[in-house]
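Morning, everyone. One structure today, from the overall fold down to a single residue. Please have a look at the screen.

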Amino acid sequence: GVVKKGQFEVDDLCLVYLPDAILPPHEDYNFLAGSGWRIKMKRFRKVRSEVLIMPLEGDELLDIGYDVTSQLGVKKYHKPVPANLQGKAVGEFPGFIPRTDEPNYQSVPDLVEMLKDKPYYISEKADGSSTTAFMYKGKFGVCSRNWELERDAENGYWKIAERYYLEDKMPEGFALQWETCGPKIQSNPMGLQEIEGFAFSVYNIAERRYLDFHEFMAFCAMLDFPICRVQNLGAVFNHGFDELAGIAEGRYSNGKHREGIVIRSMNNVLGHKPISFKV
């Protein structure tokens, strides 16, 4: 992050607000009003600044890494659901499937460290809206990030599910999770001509685990369902923490700047799931 010259000395404690944090309105942060009080990556004299760094006020002694999110009233930004994806909810997101919410690498430095020396892959982060389809106990369903949705041929999520005949092809006890992208969705930075889905994970409901990389690839090939573009495969993860932001920079195939990348271990290092974070 970029700070004012002379504002800090080495070893000073400070507050760090991560990307997509929404701060409560306050006169000390009026410079954020134009962005809806949300932390976004900016550049100052061509230098990237991903976080907001502010002085720690008061005499309270806090340990490095202490989470002050709740006591400062900070919320997390979630992308609004476009009108063409809004549907009628038939219930909450199923409790037997984990929600999709990739942590930012800056909030999980322990996971970055844990990934070292392990096989990994890097995929392009598709800029759209999170979607889940499942087949469980004979029932097929399609969900947005927070809701299970009523079947609707005009709904963007359902359009993808029906285009790939997921209700007919999905094996019992699995959930496919993908990013729905295209016209009128997050300004369509990928420049797609029609709505499309890009898979990023598959969850085995019965075994309560995510499929590893090779299982995931085989599953999507069986469904003939497109995946988020894989940028790199590696036998040993050896990227330093400070390198990751530079690796994330890049462009979609249409030339526009991409949202970022997702880095995952090829295997389920964390028991039921892989190490995974976005940059």
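What percentage of the 279 residues of the protein count as buried? The figure is 44%. Keep in mind that this is a predicted model.

Now the overall build. The protein has five helices and 17 strands. Its radius of gyration is 20 Å, and the globule rule gives 19 Å for 279 residues. Those values are close, so the protein is as compact as a globular protein of that length. Along the principal axes, the C-alpha atoms fill a box of roughly 65 × 40 × 40 Å.

Next, contacts. Take those between residues at least 6 apart in sequence. Of these, 68% join residues at least 24 apart.

On to the surface. About 15,600 Å² is exposed. Carbon and sulfur atoms supply 51% of that area.

Charges next. I count 34 positive side chains and 39 negative ones. The centres of the two sets lie 5 Å apart.

Now one residue, Y77. Where does Y77 sit? Y77 is in the loop between β6, residues 75-76, and β7, residues 89-92. Is Y77 buried, partly exposed or exposed? Its relative accessible area is 22%, and buried means under 20%. So Y77 counts as partly exposed.

Which residues does Y77 touch, leaving aside neighbours within four places in sequence? Y77 is in contact with D20, I22 and R38. For D28, the picture is one of distance: D28 and Y77 are 49 residues apart along the chain. Their C-alpha atoms are separated by 20 Å.

That's the tour. Over to you.

Conventions. Residues are numbered from 1 along each chain as its sequence is written. This is a predicted model: local features need pLDDT of at least 70, side-chain atom pairs count only at pLDDT 80 or more; totals for chains, interfaces and linings use all residues. Side-chain values use heavy atoms; hydrogens and water are left out. Helices (H or I, at least four residues) and strands (E, at least two) are DSSP runs, numbered from the N terminus. Buried means under 20% relative accessible area, exposed over 50%, partly exposed in between (1.4 Å probe, protein chains only). Contact means heavy atoms within 4.5 Å. The radius of gyration is taken over C-alpha atoms; the globule rule is 2.2 Å times the number of residues to the power 0.38. Accessible areas come from the Shrake-Rupley method with a 1.4 Å probe; for residues, only the protein chains shown count as cover. Lys and Arg count as positive and Asp and Glu as negative; His and the chain ends are not counted. The place of a charge is taken as NZ of Lys, CZ of Arg, CG of Asp or CD of Glu.
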